[in-house]
Amino acid sequence: MSESIYQDNVGTHLAQTHPGNWRIFYVFSKMALQGFGGVMPFAYRAMVEQERWLSATEFAELLGICQIFPGPTICNIAVFVGRRLGGGTGVASAVSGLLVLPFLIAIALGAAYQRFGDFPIFRSALNGMAAVAAGLILATALKMARGLLKKQVGLPGILFKTIMLACAFACLGLLKWRLLTVFMLFAPVAVIAAYLLDRR
């Protein structure tokens, strides 16, 4: 884990990247405005595929860390990435970019929903957007899983990560376990096993 996103390592993508606070604000505003139904797929595309601030593996690691913290996961990611890209002002730029414009739009949409929410065409539009959002989240999850498996060298490591991915999916998606329960059950096993595999 020497290249993990949460370590102050000069060799990481973030340590070598200084895009400026306005760029940070713009990127996070753009991903927030695109994220109807969920920002995470657009966050992955912006930070990994477009700006290349993170690798796919770094994004997956950072997502895992931020999910255990209180508050919205994407806001926690914004704090981490903003700090590493621009310090305190980077955090302010990332979080404000993520929240300010969507907050204003949400107020406007809330007023529109109160007025037009009973119209069939309005409900159909919301159902269609929800289906698209689900597809985007699934595609992002597959990309992250592929990135994690590509990083691992050797059959035991690939097999272990595949089992962890399958178990987490089964418990959350099929058995409907709580996220905290799944994390407390699998996180210690994953940490210990990853440490032992890295020492081989």
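**Group meeting: a seven-helix predicted chain**

Okay, let me start with one residue: Glu 51 is partly exposed, because its relative accessible area is 22%, and the label covers whatever lies between buried, under 20%, and exposed, over 50%, using a 1.4 Å probe and protein chains only. Before I go on, this is a predicted model, where local features need pLDDT of at least 70, side-chain atom pairs count only at pLDDT 80 or more, and totals for chains, interfaces and linings use all residues. Residues are numbered from 1 along each chain as its sequence is written, and side-chain values use heavy atoms, with hydrogens and water left out.

So what does Glu 51 pair with in a salt bridge? Arg 23, with the closest N and O atoms 2.5 Å apart. The two come from distant parts of the chain, 28 residues apart: Arg 23 sits in helix H1 (residues 21-34), and Glu 51 in the loop between helix H2 (40-50) and helix H3 (56-66). Arg 23 is partly exposed too, at 35% relative accessible area. The count is 1 salt bridge, taking a side-chain nitrogen of Lys or Arg within 4 Å of a carboxyl oxygen of Asp or Glu.

Now the overall picture. We have 7 helices and 0 strands, where helices are DSSP runs of H or I with at least four residues, strands are E runs of at least two, and numbering goes from the N terminus. Of the 200 residues, 31% are buried.

On to packing. H2 and H4 have axes 11 Å apart, at about 20°; that makes H2 roughly parallel to H4, the cut-off being under 35 degrees. Their crossing is left-handed. H3 and H4 pack at about 120°, axes 9 Å apart, so H3 is oblique to H4, meaning outside the roughly parallel range, the roughly antiparallel one (over 145) and the roughly perpendicular one (65 to 115). H3 crosses H4 in a right-handed way. Axes here are lines fitted to C-alpha atoms over the stretch in contact, and angles run from 0 to 180 degrees between N-to-C directions.

Last thing, the surface. Which residues form the nonpolar patch? Leu 33, Val 100, Leu 101, Phe 103, Leu 104, Ile 105, Ile 107 and Leu 109, with about 690 Å² of accessible area together. Patch members need over 30% relative accessible area and no salt bridge, and nonpolar side chains are joined within 5 Å. Helix H4 (residues 73-116) gives the largest share, 7 residues. One of the patch residues, Ile 105, lies in H4 and is partly exposed at 35%.

How values were computed. Patches are made of residues with over 30% relative accessible area and no salt bridge: like charges are joined within 9 Å, nonpolar side chains (Val, Leu, Ile, Met, Phe, Trp, Tyr) within 5 Å. Accessible areas come from the Shrake-Rupley method with a 1.4 Å probe; for residues, only the protein chains shown count as cover. A crossing is left-handed if the near helix is turned anticlockwise from the far one by less than a right angle, and right-handed if clockwise.
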